[in-house]
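These are my notebook entries on one protein structure. I looked up the strands, a helix, the charged pairs and a surface patch in turn.

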Amino acid sequence: MQIDVQITRARIEPWPPPPAGQAVSGAVVEFTGVVRGTENGAPIAALEYEAYDSMALSEMRRLLQELSAQFPCHAVRVIHRVGIVPAGEAAICVRVEAAHRQEAFGLMTTFLDALKRDVPIWKRRALKEPPSAS
């Protein structure tokens with residue numbers, strides 16, 4: 001399985017669709033985790049994410065490699081944003097490509113559960129306002 005994991009401070013942009021004519025994967029599942037405008041019932045402007053980058057990248061790769069035995073997929077891409085992420089913007093995007101939807105959805109949901117539990121990425125309510133979009 002091809003694995004691409006990244007941590008970025010930049011805004012996460014949507015991925016283009018897989019190239020036409022290369023129909024190896026019958027299922028392409030994408031998840032985008034967006035910062036909500038509330039946290040624990042209180043309105044917020046942003047969340048701040050912090051990571052131990054090298055360990056987080058290594059742990060994400062390890063998890064995906066292990067999950068590939070249970071959920072054989074063709075490719076997985078993960079981009080997780082750190083720093084201040086304004087409400088309404090993506091904190092994480094994951095794309096899974098597989099022959100069938102069962103493997104793609106299985107890997108996606110199992111990976112996201114493990115990511116929250118095992119990967120050294122932490123979030124907290126941002127103490128300062130996010131940069132303006134202008």
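**Entry 1: the partners of β5.** I began with β5, which pairs with strand β7 (residues 83-86) in the antiparallel sense over four bridges. I note that the model is predicted. Within this pairing I looked up Glu-48 and found Ile-84 of β7 as its bridge partner. I then turned to strand β9 (residues 121-125), which is joined to β5 by five bridges, and these two strands also run antiparallel. Here I recorded that Tyr-49 stands opposite Lys-123 of β9.

**Entry 2: charged pairs between β5 and β9.** I next examined the side chains. Glu-48 and Arg-124 meet in a salt bridge, at 3.6 Å from N to O. This pair links distant parts of the chain, since Glu-48 belongs to strand β5 and Arg-124 to strand β9, 76 residues apart. Arg-124 also forms a salt bridge with Glu-50, and I noted 3.3 Å between the closest N and O atoms. Again the pair links distant parts of the chain, with Arg-124 in strand β9 and Glu-50 in strand β5, 74 residues apart.

I asked myself whether Glu-48 is buried, exposed or partly exposed. Its relative accessibility is 22%, so I entered Glu-48 as partly exposed; the cut-off for buried is under 20%. Arg-124 is partly exposed at 41%, and Glu-50 is partly exposed at 42%.

**Entry 3: β6 and its neighbours.** I looked up how well β6 is covered and found that six of its seven residues are buried. Strand β1 (residues 2-8) is joined to β6 by seven bridges, and the two run parallel. In this pairing Thr-8 stands opposite Arg-81 of β6. I found β8 joined to β6 by six bridges, in an antiparallel arrangement. There Val-76 stands opposite Val-96 of β8. I also recorded that Arg-81 belongs to a network of salt bridges with Arg-11 and Glu-89.

**Entry 4: a salt bridge from β2 to β8.** A search of the whole structure gave me 11 salt bridges. One that I examined joins the side chains of Glu-30 and Arg-95, at 2.6 Å from N to O. Glu-30 lies in strand β2 and Arg-95 in strand β8, so the pair ties together parts that are 65 residues apart in sequence. I then compared the cover of the two partners. Arg-95 is buried, with a relative accessible area of 5%, whereas Glu-30 is partly exposed at 44%. As a general remark, I wrote that side chains of opposite charge can pair when their charged atoms come close.

**Entry 5: helix α2.** I recorded 18 residues in helix α2 (residues 101-118) and a reach of 25 Å from its first C-alpha to its last, close to the 26 Å expected. Which residues of α2 are buried? I listed Ala-104, Gly-106, Leu-107, Met-108, Phe-111, Leu-112, Ala-114 and Leu-115. These buried residues pack against β2 (27-34), α1, β6 (75-81) and β8 (90-98).

**Entry 6: a nonpolar patch.** Finally I looked at the surface, where Tyr-52, Met-55 and Trp-122 form a nonpolar patch with about 350 Å² of accessible area together. I placed Tyr-52 in the loop between β5 (46-51) and α1 (53-70). Tyr-52 has a relative accessible area of 47%, so I entered it as partly exposed.

Technical notes. Residues numbered from 1 in each chain as written. Predicted model: local features only at pLDDT ≥ 70, side-chain atom pairs only at ≥ 80, totals over all residues. Heavy atoms only, no water. Patch = residues over 30% accessible without salt bridge, like charges linked within 9 Å, V, L, I, M, F, W, Y side chains within 5 Å. Areas by Shrake-Rupley, 256 points an atom, 1.4 Å probe, with all protein chains shown as cover. Salt bridge = Lys/Arg side-chain N within 4 Å of Asp/Glu carboxyl O. Buried < 20%, exposed > 50% of the residue type's maximum accessible area, 1.4 Å probe, protein only. Expected span 1.5 Å × (residues − 1). Contact = heavy atoms within 4.5 Å. Pairing = 2+ DSSP bridges.
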